[in-house]
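Me: I would like to learn how to read a structure step by step, beginning with the backbone and ending with the surface. Could you take me through one?

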Amino acid sequence: MDAFTAGLLQRIRSTQSDLRQARETGDHFLVEVEQAELEDLQRIAADHGVPVTVSAC
């Protein structure tokens, strides 16, 4: 796995975790921010052929 792929997957995992935490604390604004970030990262992954497993957030 190259550095780009590893970094992208780490950012996705981190964003998924942050999204779960925002949902658990009821921070609706942060949920929107993290959801948008996750969607952007997933789009970048798809554009570069990086397979991503989407976890239930």
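Me: What phi does G26 take just after α1?

Reply: G26, which comes just after α1, takes a positive phi of about 75°. The name α1 belongs to a helix, and helices (H or I, at least four residues) and strands (E, at least two) are DSSP runs, numbered from the N terminus. Keep in mind that this is a predicted model, in which local features need pLDDT of at least 70 and side-chain atom pairs count only at pLDDT 80 or more, while totals for chains, interfaces and linings use all residues. Residues are numbered from 1 along each chain as its sequence is written, and side-chain values use heavy atoms, with hydrogens and water left out.

Me: How many helices and strands does the protein have, and how do I check the span of α1?

Reply: The secondary structure comes to 2 helices and 0 strands. The expected span of a helix is 1.5 Å times one less than its number of residues. For α1, with its 23 residues, that should give 33 Å, and the end C-alpha atoms are 33 Å apart, which agrees. The C-alpha trace of the protein as a whole spans about 35 × 15 × 15 Å along its principal axes.

Me: Which residues of α1 are buried, and what covers them?

Reply: The general idea is to ask how much of a residue a probe can reach: buried means under 20% relative accessible area, exposed over 50%, and partly exposed in between (1.4 Å probe, protein chains only). In α1 the buried residues are T5, L8, L9, I12, T15, Q16, L19 and A22, and what covers them includes α2. To see the spacing of such a list, recall that an α-helix has 3.6 residues a turn, so residues three or four places apart point the same way. Over the whole protein, buried residues make up 25% of the 57 residues.

Me: Which residues does T15 touch, beyond those up to four places away in sequence?

Reply: Contact means heavy atoms within 4.5 Å. T15, whose place is in helix α1, counts as buried because its relative accessibility is 6%. Not counting residues up to four places away in sequence, T15 touches E34, E37, L38 and L41. Among contacts in the protein between residues at least 6 apart in sequence, 61% join residues at least 24 apart.

Me: Which residues make up the largest nonpolar core?

Reply: A nonpolar core is a set of buried Ala, Val, Leu, Ile, Met, Phe, Trp, Tyr and Cys residues joined through side-chain atoms within 4.5 Å. The largest one here has 10 residues, namely L8, L9, I12, L19, A22, V31, L38, L41, A45 and V50. Helices α1 (3-25) and α2 each supply at least two residues of this core, and α1 gives the most, with 5 residues. One of the core residues, A45, is in contact with L8, I12, V50 and V52, once its neighbours within four places in sequence are left aside.

Me: How many salt bridges are there, and what does the pair R11 and E37 tie together?

Reply: A salt bridge is a side-chain nitrogen of Lys or Arg within 4 Å of a carboxyl oxygen of Asp or Glu, and the structure holds 2 of them. In one, the side chains of R11 and E37 meet at 2.8 Å, N to O. Because R11 lies in helix α1 and E37 in helix α2, this pair ties together parts that are 26 residues apart in sequence. R11 is partly exposed at 45% relative accessible area, and E37 is partly exposed at 28%. In another, the side chains of R43 and D47 meet at 3.3 Å, N to O; being 4 residues apart in helix α2, R43 and D47 are separated by about one helical turn. R43 is partly exposed at 45%, whereas D47 counts as exposed at 55%.

Me: Which residues form a nonpolar patch on the surface?

Reply: Patches are made of residues with over 30% relative accessible area and no salt bridge, where like charges are joined within 9 Å and nonpolar side chains (Val, Leu, Ile, Met, Phe, Trp, Tyr) within 5 Å. Accessible areas come from the Shrake-Rupley method with a 1.4 Å probe, and for residues only the protein chains shown count as cover. Here F29, L30 and V33 form such a nonpolar patch, with about 280 Å² of accessible area together. F29 has its place in helix α2 (residues 28-47) and is exposed, with a relative accessible area of 66%. The accessible surface of the protein comes to about 3900 Å², of which 53% belongs to carbon and sulfur atoms.
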